[in-house]
Structures are given as C-alpha cells and as structure tokens.
Protein chains: 2
Amino acid sequence: MASLRKTASEPRVRLNRERVIGAAIALADSGGLDALTMRRLGDDLSVEAMSVYNHVANKEDLINGMADTVFCEIELPSHSDDWRTAIRKRSISFRDVLVRHPWATTVRDSGTNPGAATLRHHDRVIGTFRNGGFSVAAAAHAFSAVDSYIYGFAMQEKSLPFTTPEETAAMAEILLAQLPTSDYPYLAELTADHVLKPGYRYSDEFLVGLDLILDGLESMRAGPS
Amino acid sequence: MASLRKTASEPRVRLNRERVIGAAIALADSGGLDALTMRRLGDDLSVEAMSVYNHVANKEDLINGMADTVFCEIELPSHSDDWRTAIRKRSISFRDVLVRHPWATTVRDSGTNPGAATLRHHDRVIGTFRNGGFSVAAAAHAFSAVDSYIYGFAMQEKSLPFTTPEETAAMAEILLAQLPTSDYPYLAELTADHVLKPGYRYSDEFLVGLDLILDGLESMRAGPS
DNA sequence: ACCTGAACACCGTTCAAGT
DNA sequence: ACCTGAACACCGTTCAAGT
C-alpha cells in the first residue's frame, strides 16, 4: 500500500545523491542518528531501501556526505572583519549549526578524507588567524583551542535534558529535591543559587567561554610565540 | 563448542553487574562502541547473551554504568593544591581517561540520571573553584569552559587517523601531495611548516589550550564577576 | 542506468522453560 | 535467583533479476 503512489500523474522526481543526503539529514535532525536507517530513508524518498545504494557507497559514505553538507552551513570567516570579529562570528555560526544538527557533534568528517566544504572552511579559518598576525604555530594553537571548545560545548549542550529556562528550572527543582545535598554541597549551591535564578540558560555560557578563549588568543598573538 | 568449558574444574565465577560492566568496557576500548554487542559481551563472559540481562536493565543502562565506572578513573582535584594546580591535574587526568576509553567521549552519563561517581566528581570540581575564590557564577563559567574544552579536544584527537609523530608525518605527506595547495594555501602552509616539523604531535596542543583557558579563568577570578 | 525483491548475517530484547 | 534457547522485529548489505 505504501508503495502505491497517490496518482499516476505524480511527477516522480529522479533520485540523486543530493536528495538522498538531504533526506538523511532531515531524518537525523528529527530523530537522531539512530533514526537514520537505510530502510526508513528509502521510505522517506518513496523508494526501496536498496535504491539508495545507487547514490551512496554505504552508510559511512552517506554520513560523511551529510557532515560535509552541514559544514557548508557554517558562515565562513569574513575577510573584511578583524580576526577576532571574524572568528567570533563563525564560531557562533558553527555552534548554531551544531544545535540544528546535534548528530553532527559526534560525526567526524575530517577523519580520513574530509570533503571539499570542510577543507575550504578550515583553510579560511587558518588564513584568518595568519592574516590577523598569528604565527603558523600560534594559528595551529588557536584553531585547536577554538574548535575543541565549540565541539565540546555543543556536546554538553546536546546532552542536557532541557533547553528553555522553564524546563531548566523544573529539572533543577527535581534534581535538588532528590539530591543528597549534604553529600554534594557545591553542586547543590550551584543549582540553587545559579541555575534556579530566573532566566538562566546554559546556552548563555557559550559566549562567556568563547570570549575567554579569544582574549587568551589575543595575548598569545601579541606576546612571544 | 564454544559453550564447553575447557575443564570441569574451571571455577565458573558468578556473573555480577561489576563483571558485566568491566567486560563491556574492555570490549568498547578495543573495538569501539560498535563492537559492543550483547551477544559478543556474553561470549566474552562465557555466558549466553541473554544472561547479561539479569545484571543490566538494557544496553542503555549498561552504557551508563560504563560511563560512571570510567568517571571513577579520573583523578579528583586535590584539596591541598591551589585551584589552578588542582584543576590542571584533574584536567590532564580527564583527558588521559578519554584517550584510554575513546568511546566515552560520545557518551553522556550526565544526561538524565548521572551516577554517583559523576556527581561526586562534579561536586569536587565546583568546590575547588569556590574555595579558590570564584563566585558561584564564575565557578559555573569555569566548569563549563574547562570541561567543554576537554571533551572537544578528546573528540578531535580521537578522530585523527594517526597518533605517533611518524604516522602523523606520513599522513601529512600524503595529504600535502594530494591536496590542491593553491586552493588551500593556509592549510598547506600549516601542514608543511608546522605538522611536518620533526616531533610534532597533535596531543601537545592539549596543554597549550588548557593553560590558555586557565589563564583566562585566573583573570576572571581576580577581576569583576 | 537505475530500481526491486529476496536473501544473508547480524542486531536488541522478550519470554517461557529449565536448574 | 540465575541461566538458557527459541523467537520476534528489526538492522546493513549483496545479488540476481527486472525495466
């Protein structure tokens, strides 16, 4: 029944790699990487699961393609901004992309053979540091520090079982109620005096840490190698 | 055949949660989380796969248990060190643990109901900042920044297809040879002038970024909230 | 050139049955 | 109380067959 198209005139779009990857991203966005199944992907494309293999070597190739596509969504550092502004903007954009595609935090396209989008992006980031006055070594340090922070923050954020301030507060109340507060006094203090403050949002921590790192990089740039 | 014990006198150790989790960690350490299969785990324990369910609710429960166990391996921040030394030591220990158990980088025990080891560890880290003179808000910032960095660094490190300087150099040569260097000039420069330098090891970047963050935290602690 | 259906070797998990 | 075997509903992937 599911294989019957609604009308004979339905224009049956030809399958291609781009459509396959797009549908796969949509599937992973809404249900996580676990929901991404070749059979389910075929369903979404109104095709048998095995047809997908005509456009993708295997699941690993599919996921690499997804990662490279998602990398394209990250705003490249602008040439007209100073290094700090440029890196700050692209870092914020990077995190936004990881929030939209949480599965991407655990997928490493860079592994063996990164896609073109990934290479171009990395080149531009390193170039931004170099043109901003960083030595080659300092640019390597900066790149590593900033991207490690972004990936790690996105992963921590993803693992939180709440997002809105209301959810956070509700969760914190429960945690605090069932926590043996005498065993974990500092955790209790942090929860009561910080997390439960009105308007608290873990995501606000992102810029605090990012600016802290950018400040450090500015000193590194100005100071000795 | 596999179900026959070698000798009748073999002392058949009773299964328990601890042994199950230990074997699961060993399996994931050597083959990644993909290699961790209930059936394979049963094999390693000389038991049918289904017996594992007597000691573990399901695979998710198993993985949570593994994460909490691994958290115990992280050196707690010492009470006798100043905050910076204490956090630096435990951060290095944290990364060491994630290098030993790479699968743990993508597993979040903290999610819904963190284990006792995780809670105790977090409490001690926050306490170290508080006793070091950080306000509650600053301690929250510090905790978030440091742990995001550690997780992210471990993830990047895990995804690299090389570890020793020799492997790195070999990999960099190949990359450089097949890279259209005119399209990616800065990536090429970084590879040629930095990565290919004798003794280069990506893991050395860890302390550079960590100390940069600790410097920033020291300013935050001393300066205004 | 692309799509299909059946098949294979796996998964996690349930459940009745054994001891 | 713990372990087992068969079974169920899934996986990724191969391959011969269709168009």
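## Notebook: chain A, DNA strand C and H194(A)

**Chain A, overall.** I read along the sequence of chain A and got the pattern α-α-α-α-α-α-α-α-α. The radius of gyration came next: 22 Å, well over the 17 Å that the globule rule gives for 225 residues, so chain A is more spread out than a compact globule. I note here that this is a predicted model. My tally for chain A is 9 helices and 0 strands.

I then took the extents. The C-alpha trace of chain A spans about 65 × 50 × 30 Å along its principal axes. For burial, I find that 47% of the 225 residues in chain A are buried. I also checked contact range. Taking contacts in chain A between residues at least 6 apart in sequence, 69% join residues at least 24 apart.

**Annotated span.** I looked up the UniProt record. The entry is unreviewed, and its annotation "DNA-binding region" covers residues 37-56 of chain A. I computed the make-up of residues 37-56 of chain A: 35% helix and 0% strand. The end C-alpha atoms of that span lie 13 Å apart.

**DNA strand C.** Which residues come nearest to DNA strand C? I list E48(A), S51(A), R39(B), Y53(B) and K59(B), out of 18 residues around the strand. Both chains appear in that list. I sorted the residues of this surface by type and got 7 nonpolar, 5 polar and 6 charged. Helix α2 (residues 38-44) of chain B gives the largest share of the surface, 3 residues.

Next I turned to the DNA side. Of the strand C atoms within 4 Å of the protein, 56% belong to sugar or phosphate. The rest belong to bases.

I then went through individual atom pairs:

- S51(A) has a polar side-chain atom 2.8 Å from a phosphate oxygen of DNA strand C.
- T37(B) has a side-chain N or O atom 3.5 Å from a sugar or linking oxygen of DNA strand C.
- R39(B) has a side-chain N or O atom 2.5 Å from a base nitrogen of DNA strand C.

So far I have phosphate, sugar or linking, and base atoms of the strand, one for each of these residues.

**H194(A).** I placed H194(A) in helix α8 (residues 185-195) of chain A. Is H194(A) buried or exposed? Its relative accessibility is 13%, so I count H194(A) as buried. The cut-off for buried is under 20%.

I pulled its contacts too, leaving out residues up to four places away in sequence. From chain A, H194(A) touches E189(A), Y200(A) and E205(A). From chain B, H194(A) touches V136(B), A137(B) and A140(B).

Conventions
Residues are numbered from 1 along each chain as its sequence is written. Chains are lettered from A and ligands numbered from 1 in the order in which they are written. This is a predicted model: local features need pLDDT of at least 70, side-chain atom pairs count only at pLDDT 80 or more; totals for chains, interfaces and linings use all residues. Side-chain values use heavy atoms; hydrogens and water are left out. Helices (H or I, at least four residues) and strands (E, at least two) are DSSP runs, numbered from the N terminus. Buried means under 20% relative accessible area, exposed over 50%, partly exposed in between (1.4 Å probe, protein chains only). Contact means heavy atoms within 4.5 Å. UniProt positions are given in the numbering used here, feature names are shortened, and annotations may be inferred rather than shown by experiment. A residue is near a molecule or strand if one of its heavy atoms lies within 4 Å of it. A polar contact is a pair of N or O atoms within 3.5 Å; within protein, one must be able to donate a hydrogen and the other to accept it, and residues adjacent in sequence count only if both atoms are side-chain atoms. Ala, Val, Leu, Ile, Met, Phe, Trp, Tyr, Cys and Pro count as nonpolar, Asp, Glu, Lys and Arg as charged, and the others, Gly among them, as polar. The radius of gyration is taken over C-alpha atoms; the globule rule is 2.2 Å times the number of residues to the power 0.38.
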